[in-house]
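Thanks for sending this one over. Here are my notes, meant to be read with the model open beside you.

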Amino acid sequence: MSVFVEKALAHADRSPDTVVVTDKWRTWTWSDLVARASAYGEAAVEHFPEADGTSAVPILVGRSGETPAAALGLLMAGRAVAPLSPQQPTARLNRCLSKLGVTDLIDARAPQEQDDLQLPLKTIVPDKAAD
């Protein structure tokens with residue numbers, strides 16, 4: 001486990017109710033962030049097995065707590081993160097995804113941010129735990 005993940009989890013253990021992220025839709029405590037990160041980590045392990053040679057897991061980033069939760073979850077699962085902005089032209093996103101050699105993509109945006117982005121991949125959005 002990386003030093004970053006160890007420190008983040010230590011903060012979460014010490015101060016689970018401390019607010020760490022506030023976005024347009026909600027406030028995230030350490031407890032919320034780590035719980036959601038765990039869902040992203042599980043999705044990464046399921047859809048991006050280490051043995052498949054994937055160098056990094058692509059995530060669509062947004063302006064919510066979902067993005068740091070996804071990044072933390074992937075790091076907790078021992079995966080590298082390849083953040084991609086959905087505001088980039090589709091052709092550029094497709095080139096980036098092609099270079100990564102993946103068939104899946106994690107959408108780390110809030111549901112309110114998700115749109116009908118046309119990419120030739122399976123988009124994964126982990127199930128949410130009850131808020």
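The points below go through the sheet, the helices and a side-chain pair.

1. First, a reminder that this is a predicted model. The core item to look at is an open sheet of four strands, ordered β4-β3-β5-β6, with parallel pairing. The edges are taken by β4 (81-84) and β6 (122-124); each has a single partner strand, so one side of each has no neighbour in the sheet. On average, and ignoring direction, neighbouring strands are turned by 35° against each other.

2. Zooming in on one pairing: β3 (residues 57-61) and β5 (residues 104-108) run parallel and are joined by three bridges. If you want a spot to click on, Ile59 has Ile106 in β5 as its bridge partner.

3. Now the helices on the sheet. Helix α4 (residues 90-100) packs there, with contacts to β3, β4 and β5, and its direction makes about 170° with that of β4. Helix α2 (residues 30-47) lies across β5 and β6 and runs at about 175° to β5.

4. How do α1 and α3 cross? The axes of α1 (residues 3-14) and α3 (residues 66-76) come within 9 Å and cross at roughly 120°, which makes α1 oblique to α3. The crossing is left-handed. On the α1 side the contacts come from Phe4, Val5, Ala8 and Leu9, which meet Leu72, Leu75 and Met76 of α3.

5. Last, the rings. With centres required to lie within 6.5 Å, the count of aromatic pairs is zero. There is a charge over a ring, though: the charged end of Arg26 sits over the ring of Trp28, 4.0 Å from its centre.

How values were computed. Residues numbered from 1 in each chain as written. Predicted model: local features only at pLDDT ≥ 70, side-chain atom pairs only at ≥ 80, totals over all residues. Heavy atoms only, no water. Phe/Tyr/Trp six-rings, centres within 6.5 Å; stacked < 30°, edge-to-face > 60°. Lys NZ or Arg CZ within 6 Å of the ring centre and 35° of its normal. Pairing = 2+ DSSP bridges. Helix = DSSP H or I, 4+ residues; strand = E, 2+ residues; numbered from the N terminus. Axes fitted to C-alpha atoms, helices over the stretch in contact; angles between N-to-C directions. Contact = heavy atoms within 4.5 Å. Parallel < 35°, antiparallel > 145°, perpendicular 65-115°, else oblique. Left-handed = near helix turned anticlockwise from the far one by under 90°.
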